[in-house]
Amino acid sequence: MNPRLDQPLRLGTRRSKLAMSQSGHVAEAVRAITGRPVELVEITTYGDVSRESLSQIGGTGVFVTALREALVRGEVDFAVHSLKDLPTTQPAELVIAAMPRREDPRDALVARDGLTFEQLPDGARIGTGSPRRRSQLHAYAKSLGKVIETVAIRGNVDTRIGFVRNGELDAVVLAAAGLNRIGRGDEATDLISVDNMLPAPGQGALAVECLASETDLISALAELDDPYTRAAVTAERALLGALEAGCSAPVGALADLLADGQIVNEMRLRGVVGTLDGSTLVQLSTTGPVPQSYDEAMALGRELADEMLAKGAAGLMGERSL
């Protein structure tokens with residue numbers, strides 16, 4: 001008998017209210033599957049303590065490295081990440097054992113006076129720390145015949161919404177999934193259609209990661225996996241990887257499933273790359289059979305990325321440091 005069966009499984013998580021909430025949901029599910037207690041181990045990441053913009057401190061990975069180091073050192077048994085925070089290259093010693101069913105992938109607007117994006121006045125000041133959001137917000141405003149100002153912000157949900165409540169900003173943009181997971185979805189004044197703003201690759205999805213050598217744990221965690229979420233997110237991340245873009249580049253992507261009645265038979269992948277001011281966007285989509293394997297999902301993403309690059313996407317992303 002495994003001597004650890006009566007010991008708690010240690011789940012590594014960031015300390016933010018959102019991270020603790022989503023890790024708590026996973027912990028409950030793992031308790032139900034394994035019959036073992038699960039304890040949350042709070043880990044502070046560089047992204048949590050730095051006040052610099054994400055693009056300045058390295059973009060994706062800054063919320064992940066400390067959790068992964070704790071896994072490798074054996075301080076935790078598994079970890080929960082927001083999938084959009086994960087770099088596109090996966091370390092050989094770690095495996096994403098589960099991608100649970102995705103939450104709402106859309107971006108949410110929290111604006112003063114209950115305004116929607118279309119109701120915001122010309123010159124409205126909108127807070128976001130994301131180049132992707134910034135690019136598409138400007139393009140969306142332009143399509144409505146108005147101009148907005150985007151203001152770089154960071155901080156947790158309370159801090160960001162506080163900029164609106166104290167009158168400093170007219171609105172802020174957050175992930176709808178994050179608001180929903182902490183029970184504050186009703187504070188969104190507008191859910192921005194993906195036709196107007198594509199989310200970050202993997203937005204709304206979680207990744208449950210553990211050591212590749214922990215075969216029993218991998219098998220147990222696999223019960224949390226949602227194959228459609230995994231196929232969609234894998235295609236989105238393949239697109240991102242092929243564009244060689246981290247979160248410092250304004251790239252959006254979304255794979256959604258197209259159903260004929262009750263039967264899901266196709267997947268549509270959409271991608272966008274744009275200039276920061278939103279004046280130029282390369283936005284393309286492709287539709288094909290739902291990928292049945294990792295390789296098929298990767299191929300879908302890479303093919304769309306190649307088409308976007310052929311349409312001039314690379315020139316919009318600025319010079320990349322080597």
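Here are some worked exercises on this structure, which is a predicted model.

**Exercise 1. Asp170 and its surroundings**

Find where Asp170 lies, decide whether Asp170 is buried or exposed, and list its polar partners.

*Solution.*
- Step 1: Begin with the position. Asp170 sits in the loop that runs between helix H6 (157–165) and strand S8 (171–175).
- Step 2: Turn to accessibility. The cut-off for buried is under 20% relative accessible area. Asp170 has 15% relative accessibility, so Asp170 counts as buried.
- Step 3: Look at the side chain of Asp170. A polar contact of 2.7 Å links it to the side chain of Arg112. A polar atom of the Asp170 side chain also lies 2.8 Å from the backbone nitrogen of Arg125.
- Step 4: Widen the view. Setting aside neighbours within four places in sequence, Asp170 is in contact with Val110, Ala111, Arg112, Leu120, Ala124, Arg125 and Val164.

**Exercise 2. A loop residue and its distant partner**

Describe Ala222: which loop holds it, and how far is its C-alpha atom from that of Ala98?

*Solution.*
- Step 1: Ala222 belongs to the loop between helix H8 (215–221) and helix H9 (227–242).
- Step 2: With a relative accessible area of 38%, Ala222 is partly exposed.
- Step 3: Ala98 is 124 residues away from Ala222 along the chain, yet their C-alpha atoms are separated by 5.2 Å.

**Exercise 3. The two sides of helix H10**

Work out how the buried residues of H10 are arranged around the helix axis, and what covers them.

*Solution.*
- Step 1: Check the helix itself. H10 covers residues 294–310, 17 residues in total. From first C-alpha to last, H10 reaches 25 Å, close to the 24 Å expected at 1.5 Å a residue.
- Step 2: Pick out the buried residues of H10. They are Ala297, Met298, Leu300, Gly301, Leu304, Ala305 and Met308.
- Step 3: Look down the axis of H10. The buried residues fall within an arc of 155°, so they line one face of the helix.
- Step 4: Now take the other side of H10, where Asp295 and Ala310 are exposed.
- Step 5: Ask what lies over the buried residues of H10. The cover includes H9, strand S12 (263–274), strand S13 (281–289) and helix H11 (313–316).
- Step 6: Follow the chain onward. Just after H10, Gly312 has a positive phi of about 100°.

**Exercise 4. Helix H9 and a hairpin**

Describe H9 and what covers its buried residues, then examine how S11 and S12 pair.

*Solution.*
- Step 1: H9 has 16 residues and reaches 22 Å from its first C-alpha to its last, close to the 22 Å expected at 1.5 Å a residue.
- Step 2: Among the buried residues of H9 are Thr229, Val233, Glu236, Arg237 and Leu240. S11, S12 and H10 are included in what covers the buried residues of H9.
- Step 3: After H9 comes Glu244, with a positive phi near 55°.
- Step 4: Move to the strands. Strand S11 (residues 251–260) pairs with S12 in the antiparallel sense, over ten bridges. One example is Gly252, whose bridge partner in S12 is Val272.
- Step 5: Look at the turn. S11 and S12 make a hairpin with two residues between them, and Gly261 in that turn has a positive phi of about 70°.

**Exercise 5. Reading the salt bridges**

How many salt bridges does a search of the whole structure find, and which parts does the pair Arg133 and Asp107 tie together?

*Solution.*
- Step 1: The search finds 19 salt bridges.
- Step 2: Try a pair inside a helix. Arg31 and Glu28 meet through their side chains in a salt bridge (2.7 Å, N to O). Both lie in helix H1 (residues 17–34), three residues apart, about one turn of the helix. Arg31 is partly exposed, at a relative accessible area of 29%.
- Step 3: Compare Arg133 and Asp107, whose side chains form a salt bridge (2.7 Å, N to O). Arg133 is in helix H5 (residues 131–143) and Asp107 in strand S5 (residues 107–111), so the pair ties together parts that are 26 residues apart in sequence. Arg133 counts as buried at 5% relative accessibility, and Asp107 counts as buried at 0%.
- Step 4: Add Asp225 and Arg230, a salt bridge whose closest N and O atoms are 3.0 Å apart. Asp225 is partly exposed at 24% relative accessibility, and Arg230 is partly exposed at 25%.
- Step 5: Finish with a network. Asp158, Arg165, Arg184 and Glu187 are joined into one network by salt bridges that share partners.

Technical notes
Residues are numbered from 1 along each chain as its sequence is written. This is a predicted model: local features need pLDDT of at least 70, side-chain atom pairs count only at pLDDT 80 or more; totals for chains, interfaces and linings use all residues. Side-chain values use heavy atoms; hydrogens and water are left out. Helices (H or I, at least four residues) and strands (E, at least two) are DSSP runs, numbered from the N terminus. Buried means under 20% relative accessible area, exposed over 50%, partly exposed in between (1.4 Å probe, protein chains only). A polar contact is a pair of N or O atoms within 3.5 Å; within protein, one must be able to donate a hydrogen and the other to accept it, and residues adjacent in sequence count only if both atoms are side-chain atoms. Contact means heavy atoms within 4.5 Å. The expected span of a helix is 1.5 Å times one less than its number of residues. The arc is that of the directions from the helix axis to the C-beta atoms. A salt bridge is a side-chain nitrogen of Lys or Arg within 4 Å of a carboxyl oxygen of Asp or Glu. Two strands pair if DSSP finds at least two bridges between them.
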